[in-house]
Amino acid sequence: MSPMRWIYLALAVWGAIHPMFYFVSWFQENGWSLGAMIDAWYVNDATTGLTWDLTIAAVTLTIWIIAEVAVRRNWVALIAIPATYCIGVSCGLPLYLFLRARPVE
């Protein structure tokens, strides 16, 4: 495996674990309400802007993944889409780059 693939994999793992620490901490402090967390994303203009920034990045990444999978037939790369929406762009993007960098048979 190439050094870049290792870097992408490490970033995907970091992008899954590091933000999740903060999400779990927030849930433990404020209760396990997804609705309350979503409300917190829109508490002020700064968080609303960041939320929209990440949403637009996630949609763009999804379109890119689908377009490339249609051409390259690298079907396993589709796993990066649920990773993007269930974990975050910080995991989905490096995971996709990791999967994209592998030789396709």
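Biologist: Which residues of α1 and α2 meet each other?

Modeller: In this predicted model, Phe23, Trp26 and Phe27 in α1 meet Leu34, Ala36, Met37 and Ala40 in α2. A general idea helps in reading such a list: an α-helix has 3.6 residues a turn, so residues three or four places apart point the same way.

Biologist: How should I describe the way in which α1 and α2 pack?

Modeller: Two packed helices are described by the angle between their axes and the distance between the axes. Here helix α1, residues 3–30, and α2 pack at an angle of about 115°, and their axes are 10 Å apart. That makes α1 roughly perpendicular to α2. The crossing of α1 and α2 is right-handed.

Biologist: At what angle do α1 and α5 pack, and how far apart are their axes?

Modeller: For α1 and α5 the packing angle is about 160°, with the axes 8 Å apart. That makes α1 roughly antiparallel to α5. The contact is made on the α1 side by Arg5, Tyr8, Leu9, Leu11, Ala12, Gly15, Ala16 and Pro19, and on the α5 side by Ser90, Cys91, Pro94, Leu95, Leu97 and Phe98. As for handedness, α1 passes α5 in a left-handed crossing, whereas the crossing of α1 and α2 is right-handed.

Biologist: Which residues of α5 are buried, and what covers them?

Modeller: A residue counts as buried when its relative accessible area is under 20%. In α5 the buried residues are Val89, Cys91, Gly92, Pro94, Leu95, Tyr96, Phe98 and Leu99, and what covers them includes α1, α3 and α4. Cys91, Pro94, Leu95 and Phe98 are thus named twice, among the buried residues of α5 and among those that make the contact with α1.

Biologist: How can I check the length of a helix such as α3?

Modeller: The check compares the span expected at 1.5 Å a residue with the distance between the end C-alpha atoms, and for the 28 residues of α3, residues 45–72, the expected span of 40 Å agrees with end C-alpha atoms that are 40 Å apart. The 12 residues of α5 can be read in this way too, for this helix reaches 16 Å from its first C-alpha to its last, close to the 16 Å expected.

Biologist: What is found at the start of α3, and what comes just after α3?

Modeller: At the start of α3, a side-chain oxygen of Asn44 reaches to within 3.0 Å of the backbone nitrogen of Ala46. Just after the helix, Arg73 takes a positive phi of about 60°.

Biologist: Which residues of α3 are buried, and what covers them?

Modeller: The buried residues of α3 are Thr51, Ala58, Leu61, Thr62, Ile65, Glu68 and Val69, and their cover includes α2 (34–41), α4 (80–86) and α5 (89–100). Thr51 shows how one of these can be read in detail, since at 11% relative accessibility it counts as buried. The side chain of Thr51 reaches the backbone oxygen of Thr47 at 2.8 Å, and, not counting residues up to four places away in sequence, Thr51 touches Trp41 and Tyr42.

Biologist: Is Val59, which is found in helix α3, buried or partly exposed?

Modeller: Val59 counts as partly exposed, because its relative accessibility is 39%. The C-alpha atoms of Val59 and Val89 are separated by 9.7 Å, although the two residues lie 30 residues apart along the chain.

Biologist: What is Thr84 in contact with?

Modeller: Thr84 lies in helix α4 and is buried, with a relative accessible area of 5%. Leaving aside its neighbours within four places in sequence, Thr84 is in contact with Ala58, Leu61, Val89, Gly92 and Leu93. Ala58 and Leu61 are among the buried residues of α3, while Val89 and Gly92 are among those of α5. The side chain of Thr84 also reaches the backbone oxygen of Ala80 at 2.7 Å.

Biologist: How many helices and strands does the chain have?

Modeller: The chain has 5 helices and 0 strands, in the pattern α-α-α-α-α along the sequence. Along its principal axes the C-alpha trace spans about 45 × 25 × 20 Å, and 27% of the 105 residues count as buried. Among contacts between residues at least 6 apart in sequence, 53% join residues at least 24 apart.

Note on methods. Residues numbered from 1 in each chain as written. Predicted model: local features only at pLDDT ≥ 70, side-chain atom pairs only at ≥ 80, totals over all residues. Heavy atoms only, no water. Helix = DSSP H or I, 4+ residues; strand = E, 2+ residues; numbered from the N terminus. Expected span 1.5 Å × (residues − 1). Buried < 20%, exposed > 50% of the residue type's maximum accessible area, 1.4 Å probe, protein only. Contact = heavy atoms within 4.5 Å. Polar contact = N/O pair within 3.5 Å; in protein donor to acceptor, adjacent residues only side chain to side chain. Axes fitted to C-alpha atoms, helices over the stretch in contact; angles between N-to-C directions. Parallel < 35°, antiparallel > 145°, perpendicular 65-115°, else oblique. Left-handed = near helix turned anticlockwise from the far one by under 90°.
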